[in-house]
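Walk through this model with the backbone trace on screen. Begin with the fold, then turn to individual residues.

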Amino acid sequence: MNDQQHGVGEADAFQRLWTPHRIVYIKGENKPETADEADCPFCLIPKMDDVEGLIVYRGESAYAVLNLYPYNAGHLLVCPYRHVADYTELTDDETVEVAAITKQAMQTMREVTNPHGFNLGMNQGPVAGAGIAAHLHQHVVPRWGGDANFLPVIGHTKTMPQLLGDTREMLAAAWPTAKD
């Protein structure tokens, strides 16, 4: 057995939560190779059906989709359909719809999952933390008391209580269909 494998499988006091799906994100395997629309996941997702693309709601100029690598259960992204990087480049109609979908996401999540609060935000540019900087997206992250514990800090692991497909189905079913 090599040194990296020493102790693997031996009993100890730790319980392990394995999250092998995260290695794809960590290695950047799903990140677009270029900033072009042809490589952009936020341009490709709307071409998929709602279940495959994890789309919760489709508006006229923007849509809500579950984050494939969520910080918390129910973590949504509100994206304009148009491939635009900077918030100041949105049209007035896009700005209004991104805001309206964000509000509706919060209202729907409150109805369905009863979070205690939310984190909202846009990371503008790679140095600001944007994983996909070429296509603007608004994060809507529901938060509950106690959801930040030792696991992410010590274990670099986040427990998710529900599969993404189940979360998408629940939120999409509760999302109002009438446009306000």
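What follows covers the sheet, the helix across it, two backbone outliers and the cysteines.

This is a predicted model, so local features need pLDDT of at least 70 and side-chain atom pairs count only at pLDDT 80 or more, while totals for chains, interfaces and linings use all residues. Residues are numbered from 1 along each chain as its sequence is written, and side-chain values use heavy atoms, with hydrogens and water left out.

Take the sheet. It is open and has five strands in the order 1-2-3-5-4, with antiparallel pairing. Helices (H or I, at least four residues) and strands (E, at least two) are DSSP runs numbered from the N terminus. Two strands pair if DSSP finds at least two bridges between them. In general, strands of a sheet pair through backbone hydrogen bonds, either parallel or antiparallel.

The sheet's edges are strand 1 (55–58) and strand 4 (117–121), and each pairs on one side only. From one strand to the next, the twist averages 20°. Axes here are lines fitted to C-alpha atoms, for helices over the stretch in contact, and angles run from 0 to 180 degrees between N-to-C directions.

Now zoom in on strand 1. Its antiparallel pairing with strand 2 (residues 62–66) runs over three bridges. One bridge partnership joins Tyr 57 to Ala 64 in strand 2.

Helix 4 (residues 92–113) lies across strand 1, strand 2, strand 3 (76–80), strand 4 and strand 5 (138–143). The helix runs at about 15° to strand 5. Contact means heavy atoms within 4.5 Å.

Next, the backbone. Most residues other than glycine have a negative phi. Leu 54 has a positive phi, near 60°. Leu 54 sits in the loop between helix 3 (50–53) and strand 1. Leu 54 counts as buried because its relative accessibility is 12%; buried means under 20% relative accessible area, exposed over 50%, partly exposed in between (1.4 Å probe, protein chains only).

Asn 114 also has a positive phi, of about 50°, although it is not a glycine. Asn 114 lies in the loop between helix 4 and strand 4. With a relative accessible area of 54%, Asn 114 is exposed.

Last, the cysteines. How many disulfides does a search of the whole structure find? It finds zero. A disulfide is a pair of cysteine sulfur atoms within 2.5 Å. For Cys 40, the nearest cysteine sulfur is that of Cys 43, 3.8 Å away. Cys 43 is likewise in no disulfide. Cys 40 is buried at 2% relative accessibility, and Cys 43 is buried at 9%.
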